[in-house]
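Here is a short report for a first look. Please keep the sequence and the 3D view at hand while reading.

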Amino acid sequence: MAVAQSLVAALSRSRMWLERDRVLGPALLAPAVLYIVLLVGFPFLFAVYLSLTDATTGNPFGRFIGLSNFALTFRDPVALRALRNTFVFTVTAQLAVLVLANVLALALRRPFRARGAVMFFLLLPWVAPVSLSTIGWLWILHARFSVIDWVLRQLALLPAGANMFWLGRPDLAFGAVVAVHVWRMLPFATVVLLAGHSAIPQDFLDQAEVDGANLWQKYRHVMLPLLAPVAAVALLFGTIFTFTDMTVVYVLTRGGPFDTTQVLASLAFFKGIVGGNLSVGASISLLLFPVLLLAAVFVLRAARRTEVGW
Amino acid sequence: MVSARSRRRVLVVGRFLLIGVFVVFAAFPFAWMGITAFKQNSDLYNPEHNPFWFHEPPTLAHLQYAFTKTQFGRWVVNTGLVGLGVVVVTLLLTVPAAYSLARLLGRWGERASIAIFLVYLVPPTLLFIPMSLVVTTLRLQNTLWSLIVVYPTITVPLCTWLLAGFLRGLPRELEESAMVDGCTRLGALARVLLPLAVPGIVTVVIFSFTLSAQEFVYAASFVTATAQKTVSVGVPADMVRGDIFDWGPLMASAFLASVPVAALYYLVIERFVSSFTLSGAFR
């Protein structure tokens, strides 16, 4: 009886102990944190390790060879091209997205009938699986049956029976990859900017109107300063997504023609997963890391700014 | 006065023209998939034919081919199973973590939320090579389990942050009064807070499912067996025989698989965006 009583007391004491915020808080957070440490933190360290070895699929732990993989990468013209492409694709696509999203958000900011349906169509590129929607582009840009070529032929901009070979020529393939990235990220940036628009007090715009401001002046002097922090967030996320993407290039061009549209992520996939050269692949992927780190710093700064209100 | 009115009219027409152009740009690849999916091959592969028009009656042959001659049906089922598994794992990890961040850890909870969100920014393309070794070591290569184990690295950070933000928006008083009435902390969580958090939890479910259905990089790295693929990898990789693209079935299955996922994702995009713009911000 006494034993049972003390057991009950101990149990309720341990329950009370578990109920305390300082115990319960970490206890409830622990599984998620543990999972992230095991499946994100550990693989990241493993990637760093692999990049310093000569590991291959046949010999997955390899031998320590220092920075040789990185030295090799920086002497490899294909890898250098991929490095340059990754930056050029990202910067070009994000500049275009920023301009187009601002125009589109301006057109959409005031409600109109059927806005819901319009938003659904506009958002499709962002909400559909990118590997599948890029196949749609592959067919639109087909060497022989491209619908764009057909339209160009009808407009007599292209001779009868001729084709552009969108994905067969380095310059056009380059443009195609950028276009698909713009197409994919535009909806996201637009929706973020629209959210920014809805936070602009109508009084400000009314006052500007009373003061005789035209649309451009209202945009330039009232909206733009208030939208800047939101636009920065859209830009940041767009940059991260485009910079690290391999799916568009993989499905659209496989990095071709002649590796001219290869990016770091797709090259790492071809070398590391397809070719089985784990160490070289890991070292190429890791070249993405410095930019990601920089982006993370900017995200943190944006987050801090929110504490005082945007 | 008249000129002002006509200027306004020009502005309105211009505005809708502009929106129209963007709608066409955004939706065209999907419309094109839809048209191609129902065209007969002899119509499709004739460069003289106006590709916007059906010159021969529409056909269901491509859909039939996709379901009977390829593993498309199998990939759809696989995608569903992976999505389901990821939803379960994500909920188990996310709900307690978000509660802890929102209610129990105070000021540190906010900082930890942001730290966890940063993990969402770690892209699959940074980790897929070591991850494929992890998957091989766990003997999960070529199984759906490999994806169920790994996809929560994408969903857990995002959903924990989203749900913590959502829970912070719910009034504390209700739980506190339940605790005054004799509920324990966890009792108040289960009986008072969770019922109120249903919209947030539904968002987590939809996000986990759609992000898994969209994922390509990990799936392409871990799964090479045709029968174990998900839609997002199976269609681009295994519907092409050698160098021959079967555009009809390819477009039919891409269309059929992407539109439902897009519609599901569309339901939650608003919450995702508002979480890091205005009211919710990064809190």
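## Helix α12 of chain A

Gly276(A) comes just after α12(A) and takes a positive phi of about 75°. The model is predicted.

How many residues of α12(A) are buried? The count is 10 of 11, so α12(A) is largely enclosed by the rest of the structure. Among the buried residues are Leu264(A), Leu267(A), Phe269(A), Phe270(A) and Ile273(A). Lys271(A) is buried too. The cover draws on both chains. From chain A it includes α4 (77-108), α10 (215-244), α11 and α13 (278-286). From chain B it includes α6 (124-137) and α12 (217-222).

## The loop before it

A loop of chain A runs between α11 (247-252) and α12 (264-274), and Phe258(A) lies in it. Is Phe258(A) buried or exposed? Phe258(A) counts as exposed, because it has 11 C-beta neighbours inside 10 Å and the cut-off for exposed is 12 or fewer.

Arg169(A) is 89 residues away from Phe258(A) along the chain. Their C-alpha atoms are separated by 9.5 Å.

## Where the chains meet

Chain A gives 77 residues to the contact, and chain B gives 77. On the side of chain B that touches chain A, 60 residues are nonpolar, 14 are polar and three are charged.

One helix pair spans the two chains: α8 (170-198) of chain A packs with α14 (247-275) of chain B. The angle is about 60°, and the axes are 10 Å apart. The crossing is right-handed. Val191(A), Val192(A) and Ala195(A) meet Ile269(B), Val273(B) and Ser274(B). Of these contact residues, five are nonpolar, one is polar and none is charged.

Conventions. Residues are numbered from 1 along each chain as its sequence is written. Chains are lettered from A and ligands numbered from 1 in the order in which they are written. This is a predicted model: local features need pLDDT of at least 70, side-chain atom pairs count only at pLDDT 80 or more; totals for chains, interfaces and linings use all residues. Axes are lines fitted to C-alpha atoms, for helices over the stretch in contact, and angles run from 0 to 180 degrees between N-to-C directions. Helices (H or I, at least four residues) and strands (E, at least two) are DSSP runs, numbered from the N terminus. A crossing is left-handed if the near helix is turned anticlockwise from the far one by less than a right angle, and right-handed if clockwise. Two residues are in contact if their C-beta atoms, placed from the backbone, lie within 7 Å. Ala, Val, Leu, Ile, Met, Phe, Trp, Tyr, Cys and Pro count as nonpolar, Asp, Glu, Lys and Arg as charged, and the others, Gly among them, as polar. A residue is buried if 20 or more other C-beta atoms lie within 10 Å of its own, exposed if 12 or fewer, and partly exposed in between; C-beta atoms are placed from the backbone.
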